[in-house]
Amino acid sequence: MGHKYTLPDLPYDVDALEPVISGEIMSLHYHKHHNAYVTNLNKALEQYADAEAKNDIAQMIALQSAIKFNGGGHVNHSIFWTNLAPKGKGGGEGPSGNLATEIDKEFGSLDAFIEKFNAKTVAIQGSGWGWLGYNKGAKRLEIATCGNQDPLSTTGLIPLLGVDVWEHAYYLQYRNVRPDYVKAIWEIINWKNVEERFSKAQA
Ligand code: MN3
């Protein structure tokens, strides 16, 4: 049997992102939702290995949507937790260096980037994610959105910063008002983490 995926440690306490994201939301989101993606990913991969051992291609194909959904959920949330930081511990402190320069070059300013990112992310129909990604071929930053748990890798971009707009990410606190959640989240974005991802993506 291959590698078992595990729930990564949360880099802060569940209530550390308050008041932007409540401890109740974080606790459910991490311990229940992310944990379920990990459990179901491992289950699907185990079934896939069985099907592969039996040369059962029809079953292998049938399992691909479960691998995409749960594997995507695991990949996306593992990035998302590190993209966030408590206020006073880096949260919302703004990009610097090369990343700041590239954001200005691509979008005009940080505020213009945030405005564009929020508009696209708020407009996602149903569940999904808004992303800042790096297009390595074109050497450019791009804003993209993905439905469901499709990881950004399905678009060819390298993920730098993701915002989860599934209702489980905000509904208990922001109810149906997704724009308020997406507006507030910039107060806890861990730009240091985004910069590290940008450096690695360019290497
Ligand atoms: Mn989520």
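**Briefing: a three-stranded sheet and a manganese site**

An open sheet of 3 strands, in the order E2-E1-E3 and with antiparallel pairing, is found in this structure, where two strands pair if DSSP finds at least two bridges between them. This is a predicted model, in which local features need pLDDT of at least 70 and side-chain atom pairs count only at pLDDT 80 or more, while totals for chains, interfaces and linings use all residues. Residues are numbered from 1 along each chain as its sequence is written, and side-chain values use heavy atoms, with hydrogens and water left out.

**Sheet and helix H4**

- The edge strands, each pairing on one side only, are E2 (140–147) and E3 (158–164); strands (E, at least two residues) and helices (H or I, at least four) are DSSP runs numbered from the N terminus.
- Strand E1 (residues 128–135) pairs with E2 in the antiparallel sense over 8 bridges, and Trp 131 has Ala 144 in E2 as its bridge partner.

**Manganese site**

- The manganese ion is coordinated at 1.9 to 2.1 Å by His 29 (NE2), His 77 (NE2), Asp 164 (OD) and His 168 (NE2); donors are N, O and S atoms within 2.8 Å of the metal (3.2 Å for Na, K and Ca), and because water is not among the atoms, sites may look incomplete.
- Because His 29 lies in helix H1 (residues 23–53) and His 77 in helix H3 (residues 64–83), the pair ties together parts that are 48 residues apart in sequence.
- His 29 is buried, with a relative accessible area of 1%, and His 77 is also buried, at 0%, where buried means under 20% relative accessible area, exposed over 50% and partly exposed in between (1.4 Å probe, protein chains only).
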